[in-house]
Amino acid sequence: MFRRRALPLLAAAVFAVPALSGCILVSTENPEPATPPAPTTAAPATGLPKTALPTLPSLPTGAKNGDAIKDPCGLLNRAEVTALTARQVTQIDKDGLEETAAVRYCQWQLSEGQLALFVTGMTPKEFKDQAKAGTVVSGVGDAAFTEAGHLFVLFGDTQVDIYARVGDDAANLRIAKTVADRILPRL
């Protein structure tokens with residue numbers, strides 16, 4: 001008798017939990033980079049005055065707190081990633097976050113390896129403090145260093161963390177530097 005009652009309850013739980021937990025399907029398509037919408041000065045729809053919002057790090061080219069960080073998936077299209085890495089893109093993982101998020105990311109899964117971008121606001125002083133743990137890389141952005149396979153690049157008040165895994169360390173760094181050169185003007 002217990003088994004007959006438990007089976008419908010178990011089936012209901014299996015289907016109800018994902019539906020009620022807010023599971024979503026994230027698109028893996030990567031449209032061509034488009035012009036982002038113009039930033040708005042209106043307060044977010046929180047019902048709070050703009051001054052009551054938490055302070056975010058300053059963002060690119062002297063932008064004010066609360067301005068947008070572009071979607072990193074829009075900084076490179078599928079064809080560019082394939083050309084830069086010499087690998088086919090098999091999947092694109094988008095962060096799905098709002099433009100006011102403190103950190104944005106995009107990851108391209110490749111036929112052999114991956115390429116990932118993380119973009120965040122950061123002051124030059126914060127970057128300099130963080131760079132002490134790494135190895136300086138010259139000729140990229142305003143300042144750059146590498147640590148644990150990541151290339152960290154400062155451009156204005158924006159840090160871009162580029163992680164390329166398609167070959168040996170030298171090849172990965174070469175690709176990360178090329179990616180930085182391609183995306184920095186688009187920030």
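Two strands pair if DSSP finds at least two bridges between them. I began with this rule and applied it to a model that is predicted.

**Entry 1: strand pairing**

I looked up the partners of β3 (113–121). Eight bridges join β3 to β7, and the two strands run antiparallel. Within this pairing I noted one position: Leu117 has Ile162 in β7 as its bridge partner.

I then turned to β2 and β3, which pair over eight bridges in the antiparallel sense. A hairpin of two residues connects β2 to β3. I recorded that Tyr105 stands opposite Phe118 in β3. I kept in mind that side chains in a regular strand alternate between the two faces of the sheet.

**Entry 2: nonpolar cores**

Which residues touch the most other members of the largest nonpolar core? I found Leu76, Trp108, Leu115, Leu117, Ile162 and Val179, in a core of 29 residues. The elements that give two or more residues to this core are α2, β1, β2 (103–110), β3 (113–121), β6, β7 (158–165) and α4 (169–183). The largest share comes from α4, with five residues. I also found a second, separate core of six residues, among them Met122, Ala131, Phe145 and Phe152. As general background, nonpolar side chains tend to be buried together in soluble globular proteins.

I noted that Leu117 and Ile162, listed above for the largest core, are also the bridge partners from my first entry.

**Entry 3: aromatic rings**

How many aromatic pairs are there? I recorded a count of three. Ring pairs link Phe127, Phe145 and Phe152 into a cluster. Of these names, Phe145 and Phe152 had already appeared in the second core.

**Entry 4: positive phi angles**

I next searched for backbone angles that depart from the general pattern, since most residues other than glycine have a negative phi. Ala86 has a positive phi, near 60°, and is not a glycine. I located Ala86 in the loop between α2 (78–85) and β1 (89–94).

Ala148 also has a positive phi, of about 50°, although it is not a glycine. Ala148 is found in the loop between β5 (143–147) and β6 (150–155).

Are these two alanines buried or exposed? The relative accessibility of Ala86 is 62%, so Ala86 counts as exposed. Ala148 has a relative accessible area of 68% and is therefore exposed. The cut-off I needed for this step is that exposed means over 50%.

Conventions:
Residues numbered from 1 in each chain as written. Predicted model: local features only at pLDDT ≥ 70, side-chain atom pairs only at ≥ 80, totals over all residues. Heavy atoms only, no water. Phe/Tyr/Trp six-rings, centres within 6.5 Å; stacked < 30°, edge-to-face > 60°. Helix = DSSP H or I, 4+ residues; strand = E, 2+ residues; numbered from the N terminus. Buried < 20%, exposed > 50% of the residue type's maximum accessible area, 1.4 Å probe, protein only. Core = buried A, V, L, I, M, F, W, Y, C linked by side-chain atoms within 4.5 Å.
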